[in-house]
Amino acid sequence: MCRALYAANTNIDYFPTNFVVRGGEVCYIDFECNPYMEEWNFENWGIKYWSMTPELKAYKIP
């Protein structure tokens, strides 16, 4: 997914609640897409919410 987004010069909001699994595929369901900025790419921001990091552990599901 990241490869396709980066090639399109696009970032998405990688927070896990913005995705669902359907038919064995991970689908992005949020509306937010922004011009690519390195500070908001998966490696610098999204990974915090896809690993057992303090940021993910601190998130409280409403």
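## Fold, pocket and surface patch of a predicted chain

Of the 62 residues in the chain, 24% are buried, as computed from a model that is predicted. The chain holds 2 helices and 4 strands, and these follow one another along the sequence in the pattern α-β-β-β-β-α. Along its principal axes, the C-alpha trace spans about 30 × 30 × 20 Å.

**The largest pocket**

- The largest pocket encloses about 160 Å³ of space, and its lining is formed by Asn-11, Ile-12, Asp-13, Tyr-14, Glu-32, Asn-34, Pro-35, Met-37, Trp-40 and Trp-45.
- Two or more residues of this lining come from each of the elements β1 (10–12) and β4 (33–35).
- In chemical character, the residues that line the largest pocket divide into 6 nonpolar, 2 polar and 2 charged.

**The nonpolar surface patch**

- On the surface, Met-1, Val-21, Val-26, Ile-47 and Trp-50 form a nonpolar patch, and together these residues present about 490 Å² of accessible area.
- One of the patch residues, Val-21, has its place in strand β2, which covers residues 19–22.
- Val-21 counts as exposed because its relative accessible area is 65%, whereas the cut-off for that class is over 50%.

Definitions and conventions. Residues are numbered from 1 along each chain as its sequence is written. This is a predicted model: local features need pLDDT of at least 70, side-chain atom pairs count only at pLDDT 80 or more; totals for chains, interfaces and linings use all residues. Side-chain values use heavy atoms; hydrogens and water are left out. On a 1 Å grid over the protein atoms alone, a cavity is a set of points where a 1.4 Å probe fits but cannot get out, and a pocket is an open set with protein on both sides within 12 Å along at least five of seven lines; lining residues have an atom within 4 Å of a point. Grid points are joined across faces, edges and corners, and a volume is the space filled by probe spheres set on the points. Ala, Val, Leu, Ile, Met, Phe, Trp, Tyr, Cys and Pro count as nonpolar, Asp, Glu, Lys and Arg as charged, and the others, Gly among them, as polar. Patches are made of residues with over 30% relative accessible area and no salt bridge: like charges are joined within 9 Å, nonpolar side chains (Val, Leu, Ile, Met, Phe, Trp, Tyr) within 5 Å. Accessible areas come from the Shrake-Rupley method with a 1.4 Å probe; for residues, only the protein chains shown count as cover. A salt bridge is a side-chain nitrogen of Lys or Arg within 4 Å of a carboxyl oxygen of Asp or Glu. Buried means under 20% relative accessible area, exposed over 50%, partly exposed in between (1.4 Å probe, protein chains only).
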